[in-house]
Amino acid sequence: MKNQIKLFAGIDVQINRGCCYYIINKNKKYFTSGWIKEKIPQTFQKLFIELSDNQKDSIAIGIDAPRMPIKKLRGRNFDKHTNSWTENSKAKVGRECEVLIKSCGIANPQWTRTLNDSPGWMKLGFSLYKSLKDFPFVYEVFPSASYKMLEKENLAYELCLNNFTGGVKDMLDASVAAITVYEFVYGRGCEVGGDDGLGTIVLPMKINKQ
């Protein structure tokens, strides 16, 4: 897989300022970045088709947003001490991938809700995944978790300050989303969750190294 991927993109999803993206190449060098504010799902689809020369398997994309809403409240919790799931006495919001990250002390997720109860930025994220369904390497990432995991790893990649003034933290998160996908593709990361059918979250390191 990694030999065919030439570009690694990260997207920070939000409503007010639009969505920003940051892209690096297979040498971890800056490729391009920018902001998209109108017709966001369609514009991203068009952008990635153009950047990949319509070779959709040559780009890996990390999106900082939940892949899909929950259909019903979650019925179990994860116990990291026993490495097992236990039934809830009270059903809660959130997907199991988010529960695992919280239980392992990596980050505090913004719990995914049902479609009707989801905030606007989550709904935008749902539509982004749908618009990119023909791209084989589209992952959900969580930059806050990546920051925590990489804090002492001396991981370096090229950071270009182009387009940062539109939202410094947002663009930085997009760049971390890109390097997270890079680390995962090259076998240093992991995926968590998925048993509930509600998607996984990609991390830049194995959890057992924490």
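# Exercises on a Predicted Model

Strand β4, which spans residues 59–64, is mostly covered, as six of its six residues are buried. The structure is a predicted model. The exercises below start from this strand.

## Exercise 1: The faces of β4

Determine which residues of β4 point one way from the strand and which point the other way.

Solution. In a regular strand, side chains alternate between the two faces of the sheet. In β4, one group consists of I59, I61 and I63. The opposite group consists of A60, G62 and D64. The residues of both groups are all buried.

## Exercise 2: The sheet around β4

State the order of the strands in the sheet, and explain why one side of β3 and of β7 is left without a neighbour in the sheet.

Solution. Begin with the order: five strands form an open sheet, arranged β3-β2-β1-β4-β7, with mixed pairing. β3 and β7 (138–140) stand at the edges and have a single partner strand each, so one side of each lacks a neighbour in the sheet. From one strand to the next, the twist averages 20 degrees.

Next, consider the pairs in turn.

- β2 and β3 are antiparallel and share six bridges; here I24 stands opposite Y30 of β3.
- β1 (residues 7–12) and β4 are parallel, also with six bridges; A9 has I61 of β4 as its bridge partner.
- β4 and β7 run parallel and are joined by three bridges; I61 has V138 of β7 as its bridge partner.

## Exercise 3: The largest nonpolar core

Identify which elements each supply at least two residues of the largest nonpolar core.

Solution. This core holds 23 residues, and those touching the most other members are F8, Y22, I24, A60, Y139, V181 and V185. At least two residues come from each of β2 (19–25), β3 (30–36) and α5 (168–185). Helix α5 gives the most, with nine residues. As an example of such a member, V181 may be examined: beyond its neighbours within four places in sequence, V181 is in contact with F8, A60, I61, G62, Y139 and V141. Another core, of 22 residues, lies apart from the one just described, and its members include I36, F44, L128 and F135.

## Exercise 4: An aspartate in α5

Decide whether D173 is buried or exposed, and list its contacts.

Solution. D173 is found in helix α5. Its relative accessible area is 9%. Since buried means under 20%, D173 is buried. Leaving aside neighbours within four places in sequence, D173 is in contact with D12, D64, P143 and Y147. Of these, D64 is itself one of the buried residues of β4.

Conventions: Residues are numbered from 1 along each chain as its sequence is written. This is a predicted model: local features need pLDDT of at least 70, side-chain atom pairs count only at pLDDT 80 or more; totals for chains, interfaces and linings use all residues. Side-chain values use heavy atoms; hydrogens and water are left out. A nonpolar core is a set of buried Ala, Val, Leu, Ile, Met, Phe, Trp, Tyr and Cys residues joined through side-chain atoms within 4.5 Å. Buried means under 20% relative accessible area, exposed over 50%, partly exposed in between (1.4 Å probe, protein chains only). Helices (H or I, at least four residues) and strands (E, at least two) are DSSP runs, numbered from the N terminus. Contact means heavy atoms within 4.5 Å. Two strands pair if DSSP finds at least two bridges between them. Axes are lines fitted to C-alpha atoms, for helices over the stretch in contact, and angles run from 0 to 180 degrees between N-to-C directions.
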